[in-house]
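Please read the following briefing alongside the sequence and the coordinates. The points are grouped by topic after a short lead.

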Amino acid sequence: MALSLDGERLFVAERAGKILALEVDSGTVLQTIDVSPMGYTTIGGMAVSPTSGDLYFVDIDASEVVKVEASDGECTYNSLLNSGYKSDIEFSQKEFSANCG
């Protein structure tokens with residue numbers, strides 16, 4: 001989840017590559033951004049840029065950071081994560097399970 005800069009929209013990732021923009025006050029769906037046609041179906045985290053208001057998310061399987069333009073909901077930027085990202089996540093999950101049950 002990520003909150004817009006104005007605090008009026010909450011972005012929520014659904015399974016299968018959809019991001020919903022919800023109006024905070026009413027819970028109404030304002031926009032659905034479907035990123036699955038671009039191969040993004042495992043959204044692992046989201047954040048809103050404090051300067052532009054653009055939404056960024058990480059897709060775990062694609063190992064990419066993707067920018068969604070705040071103005072129109074279009075995906076305009078993607079960047080490969082470092083090659084060790086997936087293995088670091090898997091290692092952290094195993095360590096957490098081993099130490100925290």
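**Briefing on the predicted model**

Ala-21 is a residue of strand β3, and this residue counts as buried because its relative accessibility is 1%, where buried means under 20%. The structure described here is a predicted model, in which the secondary structure of the protein chain comes to one helix and eight strands. Read from the N terminus on, the elements follow the order β-β-β-β-β-β-β-β-α, and of the 101 residues in the protein chain, 26% are buried.

**Strand β3 and its surroundings**

- Ala-21 and Leu-3 are 18 residues apart along the chain, and their C-alpha atoms are separated by 9.3 Å.
- Strand β3 covers residues 18-23 and also holds Glu-23, which counts as partly exposed because its relative accessibility is 32%, between the limits of 20% and 50%.
- Glu-23 belongs to a patch of negative charge on the surface, where it gathers with Asp-6, Glu-8 and Asp-25.
- Strand β3 therefore includes a buried residue, Ala-21, with 1% relative accessibility, as well as a partly exposed one, Glu-23, with 32%.

**The largest nonpolar core**

- In soluble globular proteins, nonpolar side chains tend to be buried together.
- The largest nonpolar core of this model has 14 residues, and those that touch the most other members are Phe-11, Ile-19, Val-35, Ile-43, Met-46, Leu-55 and Phe-57.
- Two or more residues of this core are given by each of the elements β3, β5 (43-48), β6 (55-59) and β7 (64-68).
- Strand β5 supplies the largest share of this core, namely three residues.

**Salt bridges around Lys-67**

- The count of salt bridges in the model comes to two, and Asp-54, Lys-67 and Glu-69 are linked in a network of such bridges.
- In the salt bridge between Asp-54 and Lys-67, the closest N and O atoms are 3.4 Å apart.
- This pair links distant parts of the chain, since Asp-54 sits in the loop between β5 and β6 whereas Lys-67 sits in strand β7, with their positions 13 residues apart in the numbering.
- Both Asp-54 and Lys-67 are buried; for Lys-67, this assignment holds because its relative accessible area is 18%, which is under 20%.
- Lys-67 also forms a salt bridge with Glu-69, and here the closest N and O atoms are 3.5 Å apart.
- Glu-69 counts as partly exposed rather than buried because its relative accessibility is 21%, and buried requires a value under 20%.

**Loops and backbone angles**

- Ala-16 is placed in the loop between β2 (9-14) and β3, and its phi is near 70°, a positive value in a residue other than glycine.
- Ser-63 is placed in the loop between β6 and β7, and its phi is near 55°, again a positive value in a residue other than glycine.
- Ser-63 is classed as buried because its relative accessible area is 14%, which is under 20%.
- Pro-37 is found in the loop between β4 (29-34) and β5, and this residue is classed as exposed because its relative accessible area is 68%, which is over 50%.
- Although Pro-37 and Gly-17 are 20 residues apart in sequence, the distance between them in space is 8.4 Å, C-alpha to C-alpha.

Conventions. Residues numbered from 1 in each chain as written. Predicted model: local features only at pLDDT ≥ 70, side-chain atom pairs only at ≥ 80, totals over all residues. Heavy atoms only, no water. Patch = residues over 30% accessible without salt bridge, like charges linked within 9 Å, V, L, I, M, F, W, Y side chains within 5 Å. Areas by Shrake-Rupley, 256 points an atom, 1.4 Å probe, with all protein chains shown as cover. Salt bridge = Lys/Arg side-chain N within 4 Å of Asp/Glu carboxyl O. Lys, Arg positive; Asp, Glu negative; His and termini not counted. Charge placed at Lys NZ, Arg CZ, Asp CG, Glu CD. Helix = DSSP H or I, 4+ residues; strand = E, 2+ residues; numbered from the N terminus. Buried < 20%, exposed > 50% of the residue type's maximum accessible area, 1.4 Å probe, protein only. Core = buried A, V, L, I, M, F, W, Y, C linked by side-chain atoms within 4.5 Å.
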